[in-house]
Amino acid sequence: MESKTWNDAVDRWVLTTSHKRDHSKDLIKLRWLNRYLSGVPLTDISLDIIFTIGHDKKLETSPSTANRYLALLRAILRAARDYWGWIDHAPKVKLFREPEPRVRWLKRAEAARLIKELPPHLSKMAAFTLSTGLRQHNVSYLRWSQIDLDRELAIIPASESKNNRPITVPLNSDAMNILNSVANEHHEYCFVYNRAPVDRTSTKAWAAAKKRSNIDNFRWHDLRHTWASWHVQNGTSLQELQLLGGWKTFEMVLRYAHLSGDHLVQAAKRIETGDQLPLL
């Protein structure tokens with residue numbers, strides 16, 4: 001059988017994974033990987049080449065980002081071995097150790113300052129995120145057809161969910177008030193700017209508002225962290241939070257466990273015995 005090259009594998013991968021929600025991100029990674037692998041037979045992709053790819057990407061960006069590129073390389077090599085029958089052996093791709101998940105959140109007063117400083121379209125989107133915990137893409141492209149005003153729910157279909165599972169999002173009074181305020185702005189999308197969905201939220205206006213609010217080291221996605229942190233601090237259980245946030249695994253919400261200290265104090269008191277037990 002004719003030896004297949006990396007280019008053959010990329011063509012097959014792109015063709016068979018076009019349905020993936022992050023397909024466009026794969027294309028960006030593949031263009032970068034082509035610097036090292038274009039024209040290379042799959043059987044010649046060695047541990048040394050893989051080491052160089054990981055090392056260079058880590059220096060260029062970070063261990064976490066390098067791991068995303070290495071994971072894609074690993075997935076393609078495994079597909080070539082397990083599904084396409086092009087190679088008998090796929091070299092092991094070792095990922096870098098990543099730092100603990102980052103949790104950056106705002107206090108209520110800080111969030112209020114930021115919302116006040118943002119331009120109206122971003123202010124409403126940010127406030128809606130703080131009320132629902134939805135990811136940026138889901139807020140940017142939220143459609144009125146996904147809103148059940150009578151039941152006060154937003155429905156995120158599996159095709160638009162990060163974990164490929166539908167998410168039902170309860171809308172509290174804050175979220176409902178925000179939706180009411182934008183009800184007449186567009187016939188299809190809930191949040192728009194110049195009559196179009198707001199694809200990018202981390203703009204110069206976002207950066208300027210953070211600076212005026214004296215808030216640093218804060219990304220748009222940290223609004224979701226803030227929402228989750230507020231929930232836990234106000235007594236929402238981690239199991240409830242997992243369902244509200246649409247996380248696939250319980251481990252993903254454990255990053256917020258340390259914020260439930262006050263709530264756990266009350267839990268600990270449930271088995272207090274007073275003076276019914278002798279002191280040890």
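**Exercise 1. How much space lies in the second largest pocket, and which residues line it closest to its centre?**

Solution. Start with the source: this is a predicted model.

Step 1. Take the volume. The second largest pocket holds about 360 Å³ of space.

Step 2. Find the centre. Among the 20 lining residues, Leu 130, Ser 131, Asn 172, Asp 174 and Trp 230 are the closest to it.

Step 3. Trace the elements. At least two lining residues come from each of H5, H6, S3, H8 and H10.

Step 4. Sort the lining by character. It has 12 nonpolar, 6 polar and 2 charged residues.

**Exercise 2. Describe the largest pocket and its lining.**

Solution.

Step 1. Its space is about 2200 Å³.

Step 2. Its lining counts 45 residues, and those closest to the centre are Arg 21, Lys 25, Arg 68, Arg 135 and Lys 162.

Step 3. Helix H2 (23–37), helix H4 (63–82), helix H7 (136–140) and H10 each give at least two residues to this lining. H4 gives the most, with 6 residues.

Step 4. By character, the lining splits into 19 charged, 14 polar and 12 nonpolar residues.

**Exercise 3. Locate the largest nonpolar core, then follow the contacts of Phe 128.**

Solution.

Step 1. Pick the hubs. The core has 35 residues, and Leu 114, Phe 128, Ile 147, Leu 171, Leu 179 and Phe 191 touch the most other members.

Step 2. List the elements that give two or more residues. They are helices H5 (108–117), H6 (120–132), H8 (173–181), H9 (204–212) and H10 (222–233), with strands S2 (153–156) and S3 (167–170). H6 brings the largest share, 6 residues.

Step 3. Follow Phe 128. Leaving out residues up to four places away in sequence, Phe 128 touches Gly 133, Leu 134, Val 139, Leu 142, Leu 171, Ala 175, Ile 178, Leu 179 and Phe 191.

Step 4. Look beyond this core. Another core, of 26 residues, lies apart from it and includes Leu 30, Leu 33, Leu 42 and Tyr 69.

Step 5. Recall the general trend. Nonpolar side chains tend to be buried together in soluble globular proteins.

**Exercise 4. Asn 214 has a positive phi. Is Asn 214 buried or exposed? Treat Asn 217 likewise.**

Solution.

Step 1. Read the angles. Phi is about 60 degrees at Asn 214, which is not a glycine. Asn 217, also a residue other than glycine, has a positive phi near 50 degrees.

Step 2. Place them. Asn 214 sits in the loop between H9 and H10. The loop between H9 and H10 also holds Asn 217.

Step 3. Apply the cut-off: exposed means over 50% relative accessible area. Asn 214 has 67%, so Asn 214 is exposed. Asn 217 has 54%, so Asn 217 is exposed.

Note on methods
Residues are numbered from 1 along each chain as its sequence is written. This is a predicted model: local features need pLDDT of at least 70, side-chain atom pairs count only at pLDDT 80 or more; totals for chains, interfaces and linings use all residues. Side-chain values use heavy atoms; hydrogens and water are left out. A nonpolar core is a set of buried Ala, Val, Leu, Ile, Met, Phe, Trp, Tyr and Cys residues joined through side-chain atoms within 4.5 Å. Buried means under 20% relative accessible area, exposed over 50%, partly exposed in between (1.4 Å probe, protein chains only). Helices (H or I, at least four residues) and strands (E, at least two) are DSSP runs, numbered from the N terminus. Contact means heavy atoms within 4.5 Å. On a 1 Å grid over the protein atoms alone, a cavity is a set of points where a 1.4 Å probe fits but cannot get out, and a pocket is an open set with protein on both sides within 12 Å along at least five of seven lines; lining residues have an atom within 4 Å of a point. Grid points are joined across faces, edges and corners, and a volume is the space filled by probe spheres set on the points. Ala, Val, Leu, Ile, Met, Phe, Trp, Tyr, Cys and Pro count as nonpolar, Asp, Glu, Lys and Arg as charged, and the others, Gly among them, as polar.
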